[in-house]
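Student: I should like a close look at one part of this model, namely how its helices pack against each other. Please give the geometry and the residues involved.

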Amino acid sequence: MPDTRPHRSVPLQLRALARENPDQLRWLGTVVGLFLLIYFLPTGSARFDNAVLEGIRLTQWYAQEHVILCLLPAFVIAGAMAAYLSQGAVMRYLGPEASMPVAFGMASVSGTLLAVCSCTVLPLFGGIYRRGAGLGPAVAFLYSGPAINVMAIVVTTKVLGLELGLARAIGAIVFAVVIGVIMHLLYRREEQERSRGHARGFGSDDDGRPLGQVAAFFGLMVGILVFANWAAADSRAWMAIHAWKWPITAALSLLLGWLLWARWGWPARWLLTLGGSVALALLLVPGAPQLAFAVGIIGLMLIATLRESDREWAEQSWDFTRQILPLLLIGVFVAGLLLGRPGEEGLIPSEWVMLAVGDNGLRSTFLASLLGGFMYFSTLTEVPIVQGLLGSGMGKGPALALLLGGPALSLPNMLVIRTILGTRKTLVYCTLVVVMATLTGYLYGQLWP
């Protein structure tokens, strides 16, 4: 018998087939896209080959300078937040229903105490957000950590002058609060529902440990993170602390070990074995304290894994590491590929950047904040970079926009924030940072050219 069913056109059949097999279509698109990318790579071009090397060099530098000293302790602290922080206390002081002055004040102040970059702050941000902090206070902490830490403000004032240092300090503090409040207001209903979900899961504030012990525990770990990463700066007082950074870090580590033994019941023989392993690493490789630091962190997590009462700490820390570290490394490589290391060339020529930001116009200021958002700045490196750009003709407005937007955002930072907040909230946050940095830098450039 003849087929009497209505015949659809080929495009309609293909569209229906695509709707019925979305996973296969995405897989096919990914494979085709990767094939075309590899097929048309401009290998052999001097600029492209150098850009690939710059991506590799920046990733290597990041692995050597930041993974062990910055990220590993940040993962450990974030895991401890998720395991030990009282859910009720976080909800009371930082949750969506908390007093806004208290919540945003605590988030901003705690951020200023951390001399961390836009990537190191991510595990800490994820830790407090996962524990129940409201979106607004958590975002205020996310911005304030790399943007308004005390070290960055002092060095900016010392190198770039009081005027620019003061503008950065005031602008960044206002940014942290305003961006957090806007995110809070935009997603208030969603956050209230999330708050109710957290409240149903936890009926008590008490986790079995005295508040003073928990505060000392986190204070010591944050102190270790800060002093292990104490950067050199053009200041006699700063360099005096820098000369003692490792003895101070060792003293704080010993105090942390004593606290875990005396108050948390960790076996003395395990802690002594860990201390001996750290000392042995220092003796064998005295010029690489990072190795001893890594031995200490790995040993700490092994002991936590062996203790049932503390196993969640190690599991949460590993979860943050597994989720965040690969994305950071990919993002750092792409940032190096596009923009190169400071003073080096990537795919985007540096002269293009200078031509784009050479005045105090709105376009130049916007491009400075946008490019700063994609570049990766480690702690304090933005200051000499901006100093060099100012010497090459960069306007003051774009310079301030770069100082306000660059340290708080980076390509690897964006990739990780998306896994915590989702695509929509990440786009809103990044847009707010770029727009506010642009407007502030433009006004500054017009008033104080």
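Tutor: What follows describes two helix pairs, each by its axes and then by its contacts. The model is predicted.

The first pair to consider is α11, spanning residues 211-228, and α13, spanning residues 245-262; their axes come within 9 Å and cross at roughly 155°. Because angles over 145 degrees count as roughly antiparallel, α11 and α13 are roughly antiparallel to each other. The crossing of these two helices, α11 and α13, is left-handed. On the α11 side, the contact is formed by Q213, A216, F217, L220, M221, G223, I224, F227 and A228. The residues of α13 that take part are K245, W246, I248, T249, L252, S253, L255, L256, L259 and L260. Sorted by class, the contact of α11 with α13 comprises 14 nonpolar, four polar and one charged residues.

The other pair is α21, residues 411-421, and α22, residues 423-447. Here the axes come within 7 Å and cross at roughly 130°, which makes α21 oblique to α22. The crossing of α21 and α22 is right-handed. From α21, the residues M414, I417, R418 and L421 meet T423, K425, T426, Y429 and C430 of α22. By class, five nonpolar, two polar and two charged residues make up the contact of α21 with α22.

To set the two pairs side by side, the α11 and α13 crossing is left-handed, whereas that of α21 and α22 is right-handed.

Conventions:
Residues are numbered from 1 along each chain as its sequence is written. This is a predicted model: local features need pLDDT of at least 70, side-chain atom pairs count only at pLDDT 80 or more; totals for chains, interfaces and linings use all residues. Side-chain values use heavy atoms; hydrogens and water are left out. Axes are lines fitted to C-alpha atoms, for helices over the stretch in contact, and angles run from 0 to 180 degrees between N-to-C directions. Helices (H or I, at least four residues) and strands (E, at least two) are DSSP runs, numbered from the N terminus. Angles under 35 degrees count as roughly parallel, over 145 as roughly antiparallel, 65 to 115 as roughly perpendicular and the rest as oblique. A crossing is left-handed if the near helix is turned anticlockwise from the far one by less than a right angle, and right-handed if clockwise. Contact means heavy atoms within 4.5 Å. Ala, Val, Leu, Ile, Met, Phe, Trp, Tyr, Cys and Pro count as nonpolar, Asp, Glu, Lys and Arg as charged, and the others, Gly among them, as polar.
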